[in-house]
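Biologist: Please pick out one part of this structure and go through it closely. I would like to follow the reasoning, and then see what else can be described with the same care.

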Amino acid sequence: MTPEKLEVTLLGTGTSTGVPVPGCSCRVCTSADSRDNRTRCSLLVSYAGKNILVDTATDLRQQMLREKVTHIDAVLFTHTHADHIHGIDDLRPFNIAGREAIPVFAGAAAAKSMKRNFSYIFGNGERSGYCPRLTLTEVDGPFELFGLSVTPVPLIHGNGASLGFRFGPVAYLTDCSAIPEASMPLLKDLKLLILDALRFRPHVSHFNIAQAIEQAEKVGAEQTLLTHLSHDVEHEKHGKGLPGGVEFAFDSQKICFAL
Ligand SMILES: [Zn+2]
Ligand SMILES: [Zn+2]
Ligand SMILES: [Zn+2]
C-alpha cells in the first residue's frame, strides 16, 4: 500500500491585528519580505483528498483564494477569540460547492460560546439562507476524521483555555501561555510542532519567543515553527537568532509527510 500523504499549510501566522498593522509604519509593517506579511492564524490539513481547516480566521476568504482551496470538509476550532472565528461566514461558498453541511468540532466551552455568539448559525431558531450550514460536535478526546486520528491537546491561554490539535506527527498549538503537564504525553515523538510565540516581550496570554523556545526543547519535536507572530518579529533578521530546529513560520508555508 502506498503511504498516505499528510500536508499542512500555514494559512496565517500573524497575531490578532495581522501584520502589517493598519496605521503602523515600522520596519516590519513596511518590509518588502513577503514572510513579514502575516494574515490571522489558521492551518489547513490535507489528507486523503480531504481538507481540514483549523479555525476560521478573520482573513479566511483571502487565505482560501490565495491557496486556491476548492473544498473544506471539516473545521476544528481552537477557541473563540475573534481572530480565530470571525471568518466563519466565509465558509458559505464551500456549502454551495459541497451541498452538505460542513462538520465542525470544538471543545465544550468553545461550543457554548459559539451557540451564543453565532446563534444565527448554531441556534434552534429560524435560519436565514445567508449563513453557513455547519453541524457542531463537541470533542473531549481523540477522534477520527477521514481516517486520520485527531487528538485535542488542552492548553492554557491566559485566564482562559484553548485546544491544540495533533494530527499524526504534527501538532498545532496556537494561542497558549502554558502547556499543562497532563498534555505533554500527547506531544511525544512529533516530527513538527507549530507553536504560539507572539513577540520578544512577555505577554499574559501567549508564549513569548524565549518561552516558546523553552517549550520546544521540552517537547523535542524534530522541527518547530513559531506562529501567531506580531510586528516585533522580522523574519530574516530575528530568524538567525533562533536555535537549530526552530524557525519562524510564514504564510503559505507547506510541510508534507508520508504516513
Ligand atoms: Zn508595525
Ligand atoms: Zn486567543
Ligand atoms: Zn489568536
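Modeller: Phe105 counts as buried because its relative accessibility is 9%, and the cut-off for buried is under 20%. Keep in mind that this is a predicted model. Phe143 has a relative accessibility of 18%, so Phe143 is buried as well.

Next come the rings. Two rings pair if their centres lie within 6.5 Å, and by this rule there are two aromatic pairs. Phe105 and Phe143 make up one of them, with 5.0 Å from centre to centre and 25° between the planes, and this pair is stacked. Phe105 lies in strand 5 (residues 102–106) and Phe143 in strand 7 (residues 143–145); the two are 38 residues apart, and their pair links distant parts of the chain. Phe118 and Tyr120 form an aromatic pair that is tilted, at 6.3 Å centre to centre and 55° between the planes. Phe118 is buried because its relative accessible area is 8%, whereas Tyr120, at 36%, counts as partly exposed.

Now the metal ions. Four residues coordinate the zinc ion (ligand 2) at 2.1 to 2.3 Å: His79 and His157 through NE2, His81 through ND1, and Asp175 through OD. Along the chain these donors follow the spacing H-x1-H-x75-H-x17-D. The angles between the four donor atoms run from 92 to 169°, so the arrangement is irregular. Of these donors, His79 is buried because its relative accessibility is 4%, while His81, with a relative accessible area of 40%, is partly exposed.

Asp175 coordinates both the zinc ion (ligand 2) and the zinc ion (ligand 3), which are 3.6 Å apart. Around the zinc ion (ligand 3), the donors are Asp83 (OD), His84 (NE2), Asp175 (OD) and His228 (NE2), at 2.1 to 2.3 Å. The four donor atoms subtend angles of 90 to 160° at the zinc ion (ligand 3), so this arrangement is irregular. In sequence, the donor residues of the zinc ion (ligand 3) are spaced D-H-x90-D-x52-H. Within that set, His84 sits in helix 2 (residues 82–85) and Asp175 in the loop between strand 10 (170–173) and strand 11 (192–196); they are 91 residues apart, and the pair links distant parts of the chain. Both His84 and Asp175 are buried.

Terms used:
Residues are numbered from 1 along each chain as its sequence is written. Chains are lettered from A and ligands numbered from 1 in the order in which they are written. This is a predicted model: local features need pLDDT of at least 70, side-chain atom pairs count only at pLDDT 80 or more; totals for chains, interfaces and linings use all residues. Side-chain values use heavy atoms; hydrogens and water are left out. Donors are N, O and S atoms within 2.8 Å of the metal (3.2 Å for Na, K and Ca); water is not among the atoms, so sites may look incomplete. Four donors count as tetrahedral if all angles lie between 85 and 135 degrees; four count as square planar and six as octahedral if opposite donors are over 155 degrees apart and all others between 65 and 115; anything else is irregular. Helices (H or I, at least four residues) and strands (E, at least two) are DSSP runs, numbered from the N terminus. Buried means under 20% relative accessible area, exposed over 50%, partly exposed in between (1.4 Å probe, protein chains only). Rings of Phe, Tyr and Trp (its six-membered ring) pair if their centres lie within 6.5 Å; planes under 30 degrees apart count as stacked, over 60 as edge-to-face and the rest as tilted.
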